[in-house]
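Colleague: Could you take me on a close look at the nonpolar core of this protein? I am new to this, so please explain the terms as you go.

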Amino acid sequence: MQLYNSLSHKKEDFVPREAGKVSMYTCGPTVYHYAHIGNLRSYIMEDILEKYLRFTGLDVKRVMNITDVGHLTSDGDTGDDKMLKGAKREHKTVMEIAKFYTDAFFNDCKKLNIKTPDVVVPATTYIDEFIRVISSLMEKGYAYEAGGNIYFDTSKLDKYYVFGDFNEEDLEVGVREGVEADGNKRNKADFVLWFTKSKFDDQELKWESPWGVGYPGWHIECSCISMKNLGEYLDIHCGGIDNAFPHHTNEIAQSEAYLGHEWCNYWFHVHHLNTNSGKMSKSKGEFLTVSLLEEKGYDPLVYRFFCLNSHYRKSLVFSWENLDNAVVSFNKLIDKIAPLTKEAPAEIDTAEYDRLYKSFDEALGNDINTSLAVTALHDVLKSKANASTKLNLIAEFDKVLGLDLIKKATEKANAANGASSDIPAEVMELVEQRKAARKDKNFALADELRDKIAALGYEVKETRQGTEINKIG
Ligand SMILES: [Zn+2]
């Protein structure tokens, strides 16, 4: 397969170091708040990459950190501590905040069909490992102590700006947030490995270290967690494009200084989700979360589908109108699959199967071109192949796409059958009356009917996709 590599700025053949196996690392969330759907776009596209690698028969081991200490509001070691900020905001301890938002993150992932990585490591559980690697960097002369903190000395490297495509504004990352430059640094790009002296006297989480009581910097987490779990060589490191500098640049600096050789071969960066007013962030405009999508009646998987319709290396513009368009095309897709689920099984048409499978495989094999993969899915529906052939292909494709296509289509086919489905006619009759009541804006009656339906053991819910009826319990 071909994969774009941010290090070389071109598409390359992907060749894992060890035949048949892939080691993959993902920067995890900083658990001080909910993830916004822009963050989640990266996790969706990384999930597609992982699932596609598995689809081609590779054995993937994927590792992710949870940042529960050390991440400041600026990625360049300045500003406030994000975890502390979250704890103050909610009058809780840092560990309570970490637990709550870690659970919330995985809950969102589940709703978006994002597989949990094989290994997940909260940074606070790896303090000894960070200290060990920082000590080694000190011994090797790559790190120094100044003003109580331990810094990585970027001047010791032949090349620090490895991704090489940053403008001055990116390099001024500390300064641009209106924070004073750190006078302890020997070079502007140096970064903190271990804090002992900082402005956060109220820092809750601190540990003993050879340099005094303190806490680790953010960047060292990922290097240590990756090397400990995936060894000295890493095949693919992924993350959002805004992590490329300084976070990933710093990860490479310290990992390679520690190891004494090159570390990771392929860098996979997912681009931003923008709104019409610019890059999405937690502080600006509406805070878009999976829960908000649900409150507004959207199925989270429609958001996943929306993301798949554009390439991960292009920024994607989110608007409610764009999401509504995705709802329409997703529903059409399910509508086309639904009748296939009712047809009698037949022998697979292998020639058509192979042809259609190949076009899907080629789409994703060409730098994870998900929109072409969705086109390949539409081609299955247009083909002359029988229903069994189509359903088998769709089920296979959905192992990567993760849209619950067969499940949703089957539910739709059953619901369309109405009377012949498991839902009693009495319930269906009340559902129809309730629809009429809602249409007349007689919400009191609609509520009354909903209660009657509940008394019969069914729950009725309005969503953008229409009325949903589910058996309670
Ligand atoms: Zn990272």
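Modeller: Happily! In the largest nonpolar core there are 112 residues, and Ile134, Leu137 and Leu193 touch the most other members. A nonpolar core here is a set of buried Ala, Val, Leu, Ile, Met, Phe, Trp, Tyr and Cys residues joined through C-beta atoms within 7 Å. A residue is buried if 20 or more other C-beta atoms lie within 10 Å of its own, exposed if 12 or fewer, and partly exposed in between, with C-beta atoms placed from the backbone. This is a predicted model, in which local features need pLDDT of at least 70 and side-chain atom pairs count only at pLDDT 80 or more, while totals for chains, interfaces and linings use all residues. Residues are numbered from 1 along each chain as its sequence is written.

Which element gives the most to this core? That is α1, with 9 residues; helices (H or I, at least four residues) and strands (E, at least two) are DSSP runs, numbered from the N terminus. Domain 1 (2-270) and domain 2 (294-416) both contribute residues, so the core lies between them. These bounds come from an automatic or database domain assignment.

Now zoom in on Leu137. Leaving aside neighbours within four places in sequence, Leu137 is in contact with Tyr142, Ala143, Phe152, Leu193, Gln254, Ala257 and Tyr258. Contact means that the C-beta atoms of two residues, placed from the backbone, lie within 7 Å.

A second, separate core has 6 residues, including Ile423, Ala446, Leu449 and Tyr458.

Next, the two domains themselves. The C-alpha centres of domain 1 and domain 2 are 34 Å apart. Their contact takes 18 residues from domain 1 and 19 residues from domain 2. On the domain 1 side, β1 (2-5) and α1 (37-55) each supply at least two residues. Here too α1 gives the most, with 10 residues.

Finally, look at helix α10 (residues 300-308), which is mostly covered, with 7 of its 9 residues buried. The buried ones are Val302, Tyr303, Arg304, Phe305, Phe306, Cys307 and Leu308. What do they pack against? Their partners are α1, α9 (290-295), β14 (316-317), α11 (320-337), α13 (370-382) and α14 (387-401). So keep α1 in view as you turn the model: it gives the most residues to the largest core, and the buried residues of α10 pack against it.
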